[in-house]
Amino acid sequence: MTRLNTNQKRRLSRAISRAASAELAARQAQLRLIRAERRVVAEEFEALRRIAIIISLPFMFLLCAIFSSFWFILIAEAIAKSAK
């Protein structure tokens, strides 16, 4: 095996440094992409949550009205039975 001269060592060192820099840049880009994806998912979730609230509120009021009517009917029947 031959030994590397000084110039070859410098070139090899630069090549290794460039490869390490490229790998670091790729990892940083991947992390930026992951953060952007998380941001998009969080925004979509928030939009869906708002839609769910808007849709569920009328149903909640409707169910409230139905159950309260049912409750009043039961009370009225109980009062009518006790009056007999």
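**Exercise 1.** By about how much of the helix are Glu23 and Arg27 separated in helix 1?

*Solution.* The model is predicted. Start with the spacing: Glu23 and Arg27 are four residues apart in helix 1, so about one helical turn separates them. Next, take the contact. The two residues form a salt bridge, with the closest N and O atoms 2.9 Å apart. Last, check exposure. Glu23 has a relative accessibility of 44%, so Glu23 counts as partly exposed.

**Exercise 2.** Find which residues salt bridges link to Glu46 in a network.

*Solution.* Begin with Arg49. Its side chain meets that of Glu46 in a salt bridge, at 2.8 Å from N to O. These two residues lie three apart in helix 1, about one turn. Now take Arg50. Its side chain meets Glu46 at 4.0 Å, N to O, again as a salt bridge. Glu46 and Arg50 are four residues apart in helix 1, about one turn. Join the pairs: Glu46, Arg49 and Arg50 form a salt-bridge network. Then classify. Glu46 is partly exposed at 25% relative accessibility. Arg49 is partly exposed as well, at 40%. For the total, the whole structure holds three salt bridges.

**Exercise 3.** Locate the patch of positive charge on the surface, and place Arg11.

*Solution.* List the members: Arg10, Arg11, Arg14 and Arg18 gather in this patch. Place Arg11 in helix 1, which spans residues 6–83. Check its exposure: Arg11 has a relative accessible area of 49%, so Arg11 is partly exposed. A patch residue needs over 30% relative accessible area. Arg11, at 49%, passes that cut-off.

Methods:
Residues are numbered from 1 along each chain as its sequence is written. This is a predicted model: local features need pLDDT of at least 70, side-chain atom pairs count only at pLDDT 80 or more; totals for chains, interfaces and linings use all residues. Side-chain values use heavy atoms; hydrogens and water are left out. Patches are made of residues with over 30% relative accessible area and no salt bridge: like charges are joined within 9 Å, nonpolar side chains (Val, Leu, Ile, Met, Phe, Trp, Tyr) within 5 Å. Accessible areas come from the Shrake-Rupley method with a 1.4 Å probe; for residues, only the protein chains shown count as cover. Lys and Arg count as positive and Asp and Glu as negative; His and the chain ends are not counted. The place of a charge is taken as NZ of Lys, CZ of Arg, CG of Asp or CD of Glu. Buried means under 20% relative accessible area, exposed over 50%, partly exposed in between (1.4 Å probe, protein chains only).
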